[in-house]
Amino acid sequence: MVENLSSQLPTLDKYIGRIKRQQTEDKDCLKWDIEKGLPHLPVPDLDATLTKYLRCLEPIQSADEFDRTKNLVDQFRSTKENIGHRLQDMLIEHAAKSENYAVDWWLEDMYLANPLSLPINSNPAFVLPQQHFTNTEDYLKFIAKLISGILDYKVLIDARALPIDRATSREKGQPFCMEQYYRLFSCYRMPDINQDRLIQIRNSKVVHHQVEHVIVAYRNQFFVLNVVINFTRLDEDDIYTLLKRIVQMADDDPWTTDEVGIYTSLPRRKWANIRAELIKDALNRDSLDLIERCIFIVCLDQCDTNDLDEDDETVDFNKTTKRNFVSLGEQILHGGKNMLNASNRWYDKTMQFIIGTDGLFGLNYEHSPAEAVAVIQLIEHLFKYMEEKSRERFRRSKSLCELPIPHRLKWNLNNLLRQNLSFAKDSLQDAINEFDLYVLKFTDYGKEFPKEHNMSPDAFIQMCLQFTYFKMYNKLVSTYESASTRRFHFGRVDNIRANTPEALTWAQAMVDETGDISAAEKLRLFRQAMQAQTDLMIQNILGDGMDCHMLALKQVARDNNLPIPDLFLDPGYALSNHFSLSTSQVTTSINDSFICYGAVVPDGYGCSYNVRSDYILFCISSFKNCSTTNSREFADSLTDTLYELRDLCTLVQRQQQTIALRRPSYAARQSISSASIELNEYINNNNNSNNEN
């Protein structure tokens, strides 16, 4: 399939060729043999993991709680009890026979066994820059261009021919696992009674020009947009024509179907039961099958009624205005507070591109097949390719196929299913009302400031988050920050825990009111805390993380019908996995773009951040029904922290500069010393002369 790329998609061929040439010219990339294959994820040393486990609990437990946990850890690793070492040996044996010992257990624990609903709780929103459309034709042509660009780029994904990502730090140039990319358009998260299943709907290598389709959601209805007809891939003009037909069909008859998309917003076990009821009917089964097998979904969102003409319900594109980050994030995340687009979604599908007539643009993605990094890099590649394609004005030859009328999906709902439609709407409305999102764009400095002070921007921000939480609640809590393990085959992530003993010592020093701790000492402790964070990050990305190892030891006992060790039944283990701060750096080069998601526990915060050269964008979330959390207050306290750290660094720098000015160099001291000797000799000689006279 790739051998014909030059003739089919010359712009894509040149774009990808340029990336591959850059890698072949990079001395760091050349050090690695990509034909050799990636290493398997190593099983960390047991004692090292247990030591890290105690370090992450020491700052967040009381003394008595920590003593109890420490005793259980000692019992677990005791050679006499032989609990931990036995499980470790079984895990090493399992790892020797698997491509990645942790990934299946991690996927189950992190996603598939989680019963919570996908919107807010699991699916992130990737908000892209708001567009401006002058009319319906402009709007639909943009969507046609987007669909066509994705289909072009998918040629490489189907052929597994994407340029290999490389490490930019720590073993620079090392190849990364690319499997996450190849699941983005081929997987589907299926609800099931016990736990969800991640289904490979489509083969990783598809047959060229096989029947393929995209689902278009509009006015809460779902339409099948076949993108290959009579063995010919549709071009942008064909796709635009079909989009016009879809919009016309739905506008002419907007109330012909039930809003079944709302079902996918339910808690997973509830949705599994409803799906089981749905597929009892052959019509429903066929409609579900078409949604589940599609490449991706495009959601055409309606504007709020304030943007509509009073006379006819058509969009007045001249009235659309620039929206704030929060409203954009909420609509991509869950459909918006007004529920206007709440059913215009299918959350189980990995990739949902969402475009509103007011220029809203973004992506809601189901998280289990891939991390945000893969999604972001795919979108950034796609944007650059589409831009180059537009500049070259390349057009395919017009397809000769007859364009059929798009197929509208239909449903047969019995009384039970209709009742659950209302239940699903009420449940989502309640969740939306309780969701508290705040977007902070801090513009007084960006990543260049910590870099000027020889600090890691990520470690700097992680410590800012730790101190912010400490100021608000006078304690630290379990913190999650994902660290990619893509250096290994099928690698996903492990957890960098910023709540270290060093972070606690520094936070306590920052609020000390005795005046006994100098600014220089506070900065020294700050650097020490950042170094502990950096050390954990390095250990994680090189395969020596704690969390996946601990989970695997527990799962080995479960899967071999052994008693679950007391260590994993201890409240300390539950506390260590209760992430009151769930954070991630999701840097993208696309201006004013960000990812947001909900807190992962009812009494916690979610916080993603995009670090740019001159600003930092934070997306902070919590739940209003928790009396102790407030996203706006956290943002205000975080803003104060960012200023405090700037002032601390600047103050100590000035003090050091002043001391340096007052403290002469070695050479200067030698000159002063020589001058002093000469001056003393001169004075003594003069005194002696005067005495003699």
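Tutor: Before we start, one term: a polar contact is a pair of N or O atoms within 3.5 Å, where one atom must be able to donate a hydrogen and the other to accept it. Keep in mind, too, that this is a predicted model.

Student: OK, then what does the side chain of serine 621 reach, and at what distance?
Tutor: Serine 621 sits in strand β18. Polar contacts run up to 3.5 Å, and the serine 621 side chain has a partner inside that cut-off, the backbone oxygen of tyrosine 597, at 2.7 Å.

Student: Is serine 621 buried or exposed?
Tutor: Look at its surroundings: leaving aside neighbours within four places in sequence, serine 621 is in contact with residues including Phe435, Leu437, Tyr597, Tyr605 and Ser631. Its relative accessibility is 0%, and the cut-off for buried is under 20%, so serine 621 counts as buried.

Student: What is the order of strands in the open sheet of six?
Tutor: Serine 621's strand, β18, belongs to this one. The pairing is mixed, and the order is β12-β18-β17-β15-β13-β14.

Student: Which strands stand at the edges there, with a single partner strand each?
Tutor: Neighbouring strands in this sheet are turned by 20° against each other on average, direction ignored. An edge strand has a single partner, so one of its sides is left without a neighbour in the sheet. That description fits β12 (435-442) and β14 (493-495).

Student: In which sense do β15 and β17 pair?
Tutor: Strands of a sheet can pair either parallel or antiparallel. Here serine 582 stands opposite glycine 606 in β17. Across five bridges, β15 (581-585) and β17 (605-611) pair in a sense that is parallel.

Student: What about the open sheet of eight strands: which are the edge strands?
Tutor: Pairing is mixed in this sheet too, and the order reads β11-β5-β4-β8-β9-β10-β1-β16. Edge strands pair on one side only, and here they are β11 and β16 (594-596).

Student: Which residue in β9 does cysteine 299 stand opposite?
Tutor: β8 and β9 (351-356) pair in the parallel sense over five bridges. Cysteine 299 has its opposite number in β9, isoleucine 354.

Student: At about what angle does α13 run to β1?
Tutor: Helix α13 (325-334) lies across β12 and β18 of the six-stranded sheet, at about 135° to β12. α13 also lies across β1, β8, β9, β10 and β16, and its angle to β1 is about 135°.

Student: Which residue does UniProt list for "active site"?
Tutor: The listing comes from an unreviewed entry, and such annotations may be inferred rather than shown by experiment. With that caveat, the UniProt entry gives His367.

Student: With which side chain does the side chain of histidine 367 make a polar contact?
Tutor: Histidine 367 lies in the loop between β10 (361-365) and α14 (372-392). At 12% relative accessibility, this histidine counts as buried. Beyond residues up to four places away in sequence, histidine 367 touches Tyr111, Ser122, Asn123, Pro124, Ala372 and Arg492. The polar contact, at 3.2 Å, is with the side chain of tyrosine 111.

Student: Is α11 parallel or oblique to α12?
Tutor: These helices have their axes 9 Å apart and pack at an angle of about 125°. Where they meet, Trp271, Arg275 and Leu278 of α11 face Asn284, Leu288 and Glu292 of α12. Perpendicular stops at 115 degrees and antiparallel begins over 145, so α11 counts as oblique.

Student: Which residues in α12 are buried?
Tutor: The buried residues of α12 pack against β2, β4, β5, α11, β8 and β11. At the start of this helix, a side-chain oxygen of aspartate 281 comes within 2.9 Å of the backbone nitrogen of leucine 283. The buried ones are Asn284, Ser287, Leu288, Leu290, Ile291 and Glu292.

Student: Last one: how many Å separate the C-alpha atoms of proline 10 and lysine 389?
Tutor: Proline 10 lies in helix α2 (10-25) and is partly exposed, with a relative accessible area of 25%. Proline 10 and lysine 389 are 379 residues apart along the chain, yet their C-alpha atoms are separated by 9.1 Å.

Conventions
Residues are numbered from 1 along each chain as its sequence is written. This is a predicted model: local features need pLDDT of at least 70, side-chain atom pairs count only at pLDDT 80 or more; totals for chains, interfaces and linings use all residues. Side-chain values use heavy atoms; hydrogens and water are left out. Two strands pair if DSSP finds at least two bridges between them. Helices (H or I, at least four residues) and strands (E, at least two) are DSSP runs, numbered from the N terminus. Axes are lines fitted to C-alpha atoms, for helices over the stretch in contact, and angles run from 0 to 180 degrees between N-to-C directions. Contact means heavy atoms within 4.5 Å. Buried means under 20% relative accessible area, exposed over 50%, partly exposed in between (1.4 Å probe, protein chains only). Angles under 35 degrees count as roughly parallel, over 145 as roughly antiparallel, 65 to 115 as roughly perpendicular and the rest as oblique.
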